[in-house]
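I opened my notebook to look up a few things in this structure. My notes follow the order in which I looked.

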Number of protein chains: 2
Amino acid sequence: MKKIEVVENVLQANDAVAATNRQRLGRAGLLAVNLMSSPGSGKTTLLEKSIPALGPDLPCAVLVGDLQTTRDAERLGPLAVQAVQINTGTGCHLSAPQVSRGLDALDLDGLAFVFIENVGNMVCPAAFDLGEHVRVVLLSVPEGDDKVAKYPTLFQRADAVLITKMDLADLMEFNLERVRQDLARLNSRAPVILHSSKTGQGMTQWLNWLRQQRFPVTSGPA
Amino acid sequence: MKKIEVVENVLQANDAVAATNRQRLGRAGLLAVNLMSSPGSGKTTLLEKSIPALGPDLPCAVLVGDLQTTRDAERLGPLAVQAVQINTGTGCHLSAPQVSRGLDALDLDGLAFVFIENVGNMVCPAAFDLGEHVRVVLLSVPEGDDKVAKYPTLFQRADAVLITKMDLADLMEFNLERVRQDLARLNSRAPVILHSSKTGQGMTQWLNWLRQQRFPVTSGPA
């Protein structure tokens, strides 16, 4: 009983900070996107391609979670965007207080998007609201077409699902129909975007989706 | 403070059960192998290839951890081995009590190996002793050559590291030297086995390593 009680306390404390983060981000007129996936499914590569494509009218910043190293933030260096690396040590997900401190290190003025690249993990990040406006889950083709059914919690609450590394689909004999069917059982809301950073497949659809998400934040109905 | 105290209690309770598991497995004269990796790095495929190759003189059983579904245990069905699926719900790793209950469902008599396929997660399983004798960590080529440095906790305590899906190394421009260097900083003990279930690369080395690990359990010095 004690364990459950404390876990609930931790989640409640997290959610309170997440609500504050969301208000702060909304007041700044920007959209916060929580990117979640297994390690190596292409979160940083997606950002490397997306941020220049969004262009100077939609400036971005990035908070990057990893246990250790500053490699992902360094990879984003050439894009000349604000990028803050959050090292979680042995922590298996980002928390709302970590994101709050990350936001303190950013100049939010004039930003259109803050991307929050979560720790590579298909389980734990699902439980922690960070104050984001939308949740994007990546599933890369080499991980296999059985992962939606095996790790449902993350996919259930996704606002969009990107199937990445689609250029490998034939080679890996990836059964897209199986993924679509498993997703349809869990989440009928999230669009499925077939994506390849290598060939550019799905890039326009992804960028259009991102721009559409931003609209209600700045000028949607009250 | 309360959170830390409870986490320590959970780990202590886990470790006590793990010690009991290890004694029980050792008394039965078998070697328990904890397989850990990200989702989709090839744990089940490795077992599908390894168990028949070990042959009838070295009978195997498998405990398979997943949040949901019994797909992995079903995949092992054609091998005619004892396979128990452990569903963790939202749990991000296997625990020693779950393994203890899994062992209750097996007939350990005459077994040479029990493989414990952990939940696909590169973070949390590292903290939980299950009572295994050896820890094997898989890193698949498509996950990228930066993962050892970014997720060090799992690699630090590995007894062997398998780089899987090596048939994709050229296509993915995988920098093996970078992986070796990152590993050398964390763990000088674990052999690195280059493996491909598709081409058979590294299979002999992997099976020989497994057989060697078993030796000290049954007839090593006290």
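**Entry 1: R157(B)**

I began with a single residue in this predicted model. Is R157(B) buried, exposed or partly exposed? I counted 17 other C-beta atoms within 10 Å of R157(B). A buried residue needs 20 or more, and an exposed one has 12 or fewer. R157(B) is therefore partly exposed.

Next I looked up where R157(B) sits. It lies in the loop between α6 and β6 of chain B. I then listed its contacts, leaving aside neighbours within four places in sequence. They are A126(B) and R135(B). I also checked the distance from R157(B) to C124(B). Their C-alpha atoms are separated by 13 Å, and the two residues are 33 apart along the chain.

**Entry 2: the sheet of chain B**

In what order do the strands of the open sheet in chain B run? I read β3-β2-β4-β1-β5-β6-β7, seven strands with parallel pairing. The edge strands are β3 (82-87) and β7 (192-194) of chain B, and each pairs on one side only. Neighbouring strands of this sheet are turned by 20° against each other on average, direction ignored.

I zoomed in on one pair. β1 (residues 31-36) and β5 (residues 134-140) of chain B run parallel and are joined by four bridges. L35(B) stands opposite V136(B) in β5(B).

Then I looked at helices on the sheet. Helix α4 (residues 96-104) of chain B touches β2, β3 and β4 of chain B. Its direction makes about 145° with that of β3(B). Helix α2 (residues 43-54) of chain B lies across β1, β2, β4, β5 and β6 of chain B. It runs at about 170° to β4(B).

**Entry 3: strand β4 of chain A**

I moved to chain A. Why is β4 (residues 113-117) of chain A called largely enclosed by the rest of the structure? Five of its five residues are buried, so the description fits.

I sorted its residues by direction. F113(A), F115(A) and E117(A) point one way from β4(A). V114(A) and I116(A) point the other way, and all are buried.

I checked its partners too. β1 (residues 31-36) of chain A runs parallel to β4(A), with five bridges between them. In that pairing, L31(A) has F113(A) as its bridge partner. β2 (residues 60-66) of chain A also runs parallel to β4(A), joined by five bridges. Here V64(A) stands opposite E117(A).

**Entry 4: the nonpolar core**

I noted a general point first. In soluble globular proteins, nonpolar side chains tend to be buried together. The largest nonpolar core here has 126 residues. Among those that touch the most other members are V114(A), I116(A) and I116(B).

I followed I116(B). Not counting residues up to four places away in sequence, it touches nine residues I could list, including V33(B), L35(B), L63(B) and L130(B).

**Entry 5: the two chains together**

I laid chain B on chain A. The RMSD is 0.0 Å, after a turn of 180° and a shift of 0.0 Å along the axis. The two copies are thus related as by a two-fold rotation axis. The same surface serves both, as 100% of the contact residues of chain B recur in chain A.

How many residues of chain B are in contact with chain A? I found 32, and they meet 32 residues of chain A. The largest share of this side of chain B, four residues, comes from α1(B). By class, the side has 13 nonpolar, 10 polar and nine charged residues.

Conventions. Residues are numbered from 1 along each chain as its sequence is written. Chains are lettered from A and ligands numbered from 1 in the order in which they are written. This is a predicted model: local features need pLDDT of at least 70, side-chain atom pairs count only at pLDDT 80 or more; totals for chains, interfaces and linings use all residues. Copies are superposed by least squares on the C-alpha atoms of residues with pLDDT of at least 70 in both. Two residues are in contact if their C-beta atoms, placed from the backbone, lie within 7 Å. Helices (H or I, at least four residues) and strands (E, at least two) are DSSP runs, numbered from the N terminus. Ala, Val, Leu, Ile, Met, Phe, Trp, Tyr, Cys and Pro count as nonpolar, Asp, Glu, Lys and Arg as charged, and the others, Gly among them, as polar. A nonpolar core is a set of buried Ala, Val, Leu, Ile, Met, Phe, Trp, Tyr and Cys residues joined through C-beta atoms within 7 Å. Two strands pair if DSSP finds at least two bridges between them. Axes are lines fitted to C-alpha atoms, for helices over the stretch in contact, and angles run from 0 to 180 degrees between N-to-C directions.
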